[in-house]
Amino acid sequence: MTVARILAEKGRSVVTVEPQRSLAEAIHLLAEKRIGAVVVVETDGAVRGILSERDIMRALAEKGAGALDALVSQHMTATVTTCARDASVEDVMHLMTDGRFRHVPVIEEGRLAGLISIGDVVKRRIAAVEAEHQAMRDYITMA
Ligand code: AMP
């Protein structure tokens with residue numbers, strides 16, 4: 001299965017935040033949307049980074065409550081690993097495992113075109129494994 005097919009099922013919308021917003025604003029966004037990461041984009045749509053709940057936890061551990069006034073740009077990861085729409089679920093799983101993160105933005109023609117989370121990947125892998133098991137059972141009972 002490809003990233004394009006996952007996006008066709010789940011949609012292409014991505015929750016984003018501007019780099020000059022505060023961590024407090026980002027936290028409200030994460031809570032309101034019930035998600036674990038936001039992609040950081042400039043007003044022109046250019047991707048500048050990614051901010052996840054892990055970054056916020058680290059900022060709070062380092063600076064205490066004062067971190068809430070810090071800028072998103074100060075605590076985001078600026079070097080973002082992305083994938084293309086024709087990447088496979090396995091490709092994305094490898095990116096997540098190697099990079100130790102749970103979110104991979106999708107880029108198409110230089111623009112943000114979706115986001116794949118570890119939940120999306122696990123859901124498709126489980127469905128694929130269950131389908132393989134069912135095919136094996138059908139084959140055995142036919143024989
Ligand atoms: P996560 O597991 O996605 O919550 O993120 C763990 C750490 O990896 C955080 O510091 C994130 O900013 C960073 N991160 C998350 N996704 C990516 C990505 N696609 N590329 C680079 N860093 C990432």
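The structure, which is a predicted model, holds twelve salt bridges. Side chains of opposite charge can pair when their charged atoms come close. Three of these pairs are set out below, with the separation between the nitrogen and oxygen atoms of each.

| Salt bridge | N to O separation |
|---|---|
| Lys-10 with Asp-120 | 2.8 Å |
| Arg-125 with Glu-90 | 3.2 Å |
| Glu-18 with Arg-21 | 3.7 Å |

The pair formed by Lys-10 and Asp-120 has its closest N and O atoms 2.8 Å apart. Because Lys-10 belongs to helix α1 (residues 3–10) and Asp-120 to helix α6, this salt bridge ties together parts of the protein that are 110 residues apart in sequence. The two partners also differ in their exposure, since Lys-10 counts as partly exposed at 38% relative accessibility, whereas Asp-120 is buried, with a relative accessible area of 11%; the cut-off for a buried residue is under 20%.

A second salt bridge, in which the side chains of Arg-125 and Glu-90 meet, also involves helix α6, where Arg-125 lies, and Glu-90 is found in helix α5 (residues 89–99), so that this pair ties together parts that are 35 residues apart in sequence. Arg-125 counts as partly exposed at 29% relative accessibility, and Glu-90 likewise counts as partly exposed, at 34%. Beyond single pairs, salt bridges that share partners join Glu-9, Lys-10, Asp-120 and Arg-124 into one network.

In the salt bridge between Glu-18 and Arg-21, Glu-18 is partly exposed at 21% relative accessibility, and Arg-21 is partly exposed at 36%.

Helix α6, which spans residues 118–142, also contains Ile-126. Together with Ile-118 and Val-122, Ile-126 makes a nonpolar surface patch of about 240 Å². With a relative accessible area of 46%, Ile-126 is partly exposed, and it can therefore be counted in such a patch, for which a residue needs over 30% relative accessible area.

The model also contains a ligand, which is surrounded by 14 residues, the closest being Ser-52, Asp-55, Thr-77, Arg-102 and His-103. By character, the residues of this shell divide into five nonpolar, five polar and four charged. Several contacts reach oxygen atoms of the ligand: a polar side-chain atom of Asp-55 lies 2.5 Å from one, an N or O atom in the side chain of Ser-52 is 2.8 Å from one, and a backbone N or O atom of Ile-50 lies 3.5 Å from one. The ligand taken alone exposes 480 Å², and the protein buries 93% of that area. Two or more residues of the surrounding shell come from each of the elements β3 (47–52), α3 (53–63) and β4 (103–108).

Two arginines in loops deserve a separate description for their backbone angles. Arg-34 has a positive phi of about 55 degrees although it is not a glycine, and its place is in the loop between α2 (23–33) and β2 (37–41). Arg-100, which is not a glycine either, has a positive phi of about 60 degrees, and its place is in the loop between α5 and β4. Arg-34 is exposed, with a relative accessible area of 76%, and Arg-100 is exposed as well, with a value of 75%.

Definitions and conventions: Residues numbered from 1 in each chain as written. Predicted model: local features only at pLDDT ≥ 70, side-chain atom pairs only at ≥ 80, totals over all residues. Heavy atoms only, no water. Near = heavy atom within 4 Å. Polar contact = N/O pair within 3.5 Å; in protein donor to acceptor, adjacent residues only side chain to side chain. Areas by Shrake-Rupley, 256 points an atom, 1.4 Å probe, with all protein chains shown as cover. Helix = DSSP H or I, 4+ residues; strand = E, 2+ residues; numbered from the N terminus. Nonpolar A, V, L, I, M, F, W, Y, C, P; charged D, E, K, R; others polar. Patch = residues over 30% accessible without salt bridge, like charges linked within 9 Å, V, L, I, M, F, W, Y side chains within 5 Å. Salt bridge = Lys/Arg side-chain N within 4 Å of Asp/Glu carboxyl O. Buried < 20%, exposed > 50% of the residue type's maximum accessible area, 1.4 Å probe, protein only.
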